Amino acid sequence: IPPLDQWHPKHCGKMDLKVKANGEWWHEGQLIRRQALLDLFTKVLWKENGKFYLKTPVEQIEISVEDEPLLINQVDQIELEGKTYLQLTTTNQDVVIVDQEHPVFMREYLGEMRPYVHVRLGINALIQRQSFFHLIEYGQLLENDQGDAILSLQSGDLVFQLGT
C-alpha cells in the first residue's frame, strides 16, 4: 500500500465509479472485470470524513461506495510467536491479522446484521458469507442470558464476541 496518509493532493471532483454492497465495482454503468485494475484501485483507496476517494500524489477523486469497498474471501489461522491468530484475506490480497487495531465486528446494513473487519485507514471489509461460515469453525458458539447466539472468536490474546 502506498503512503496515502503522507500525500496531500488537490481534490479533483467526483468520478462515476460505484462500489456496490455486493463488492462489484462499476464505472459509467459498466462492471469492471479486470482484477488487476480492481487491485490497483483498492491500493489507492482512501476514506476521509465518511467519503471514499482514489488518491494519488497529485489528485484525489471521490467515488461512491454503498457499504464497504473490500470483501474478505479467505479465513485462516496462523501461528505467530507461539500464539494462534485469525488471518483474513480480501479479494484484492490484503492480509489482515485480527487484533486490537483490526477487530471483527457486526454492523447493520439495510436491516441485516453483517460481519466486518477493519482493514486500514478507516476502511473495513465485509466478510463474505462463505468466509464467515469458515470463521465460525474457528470460534465457539455460545448463548447469552436472553438465549441469543453469540460467536466467540480468539485471535492471539484477544477475544471478540459477536452477537446477532
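This is a short tour of the structure, one selection at a time. Please keep in mind that the model is predicted.

**Stop 1: helix 1 and its buried side**

Start by selecting helix 1, residues 35–43. Which of the residues in helix 1 are buried? Colour Leu38, Phe41 and Thr42, for these are the buried ones. Now look down the helix axis: the three cover an arc of only 95° around it, so they sit on the same side of helix 1. A general point helps here: an α-helix has 3.6 residues a turn, so residues three or four places apart point the same way.

What do these buried residues pack against? Show strand 1, strand 2 (25–27), strand 4 (45–48), strand 5 (51–55), strand 7 and strand 11 (112–120), and you have the strands that the buried residues of helix 1 contact.

**Stop 2: Trp25 and Phe41**

Stay with Phe41 and add Trp25 to the selection. The structure holds 2 aromatic pairs, and Trp25 with Phe41 is a stacked one, at 6.0 Å centre to centre with 25° between the planes. Trp25 belongs to strand 2 and Phe41 to helix 1, so this pair links distant parts of the chain, 16 residues apart. Are the two partners buried or exposed? Trp25 is buried, with a relative accessible area of 3%, and Phe41 is buried as well, at 14%.

**Stop 3: Phe105 and Tyr116**

Move on to Phe105 and Tyr116. Their ring centres are 5.7 Å apart and their planes meet at 20°; planes under 30 degrees apart count as stacked, and therefore this pair is stacked too. Phe105 is in strand 10 and Tyr116 in strand 11, 11 residues apart, and the pair links distant parts of the chain. With Phe105 at 23% relative accessibility, this residue counts as partly exposed, whereas Tyr116 is buried at 0%.

Switch on the backbone for a moment. Tyr116 is also the bridge partner of Phe105 in strand 11. Strand 10 and strand 11 pair in the antiparallel sense over 6 bridges.

**Stop 4: the sheet around them**

Zoom out to see where those two strands belong. In what order do the 6 strands of the open sheet run? Reading across, the order is 9-8-7-12-11-10, with mixed pairing. Strand 9 (95–97) and strand 10 are the edge strands, each pairing on one side only. Tilt the view and follow the twist: neighbouring strands of this sheet are turned by 45° against each other on average, direction ignored.

Next, select helix 2, residues 129–138. Helix 2 lies across strand 7, strand 8 (83–90), strand 10, strand 11 and strand 12 (123–127), and runs at about 25° to strand 7.

**Stop 5: salt bridges**

Now for the charged side chains. The count of salt bridges comes to 7; here are three of them to pick out.

Begin with Glu62 and Lys14, whose side chains meet in a salt bridge at 4.0 Å, N to O. Glu62 lies in strand 6 (residues 59–65) and Lys14 in strand 1 (residues 10–19), so the pair ties together parts that are 48 residues apart in sequence. Show the surface and you will find two unlike settings: Glu62 is buried at 12% relative accessibility, whereas Lys14 is exposed at 67%.

Then select Glu66 and Lys18, which form a salt bridge at 3.6 Å, N to O. Glu66 is in the loop between strand 6 and strand 7 (70–80), and Lys18 is in strand 1, 48 residues apart. Glu66 counts as partly exposed at 35% relative accessibility, and Lys18 counts as partly exposed at 34%.

Finish with Asp67 and Arg107, where the closest N and O atoms of the salt bridge are 2.9 Å apart. Asp67 lies in the loop between strand 6 and strand 7 and Arg107 in strand 10 (residues 104–109), so this pair ties together parts that are 40 residues apart in sequence. Asp67 is buried, at 9% relative accessibility, and Arg107 is partly exposed, at 28%.

Which residues share a salt-bridge network with this pair? Add Glu68 and Arg114 to the selection: Asp67, Glu68, Arg107 and Arg114 are linked in a network of salt bridges.

Terms used. Residues are numbered from 1 along each chain as its sequence is written. This is a predicted model: local features need pLDDT of at least 70, side-chain atom pairs count only at pLDDT 80 or more; totals for chains, interfaces and linings use all residues. Side-chain values use heavy atoms; hydrogens and water are left out. Helices (H or I, at least four residues) and strands (E, at least two) are DSSP runs, numbered from the N terminus. Buried means under 20% relative accessible area, exposed over 50%, partly exposed in between (1.4 Å probe, protein chains only). The arc is that of the directions from the helix axis to the C-beta atoms. Contact means heavy atoms within 4.5 Å. Two strands pair if DSSP finds at least two bridges between them. Axes are lines fitted to C-alpha atoms, for helices over the stretch in contact, and angles run from 0 to 180 degrees between N-to-C directions. Rings of Phe, Tyr and Trp (its six-membered ring) pair if their centres lie within 6.5 Å; planes under 30 degrees apart count as stacked, over 60 as edge-to-face and the rest as tilted.
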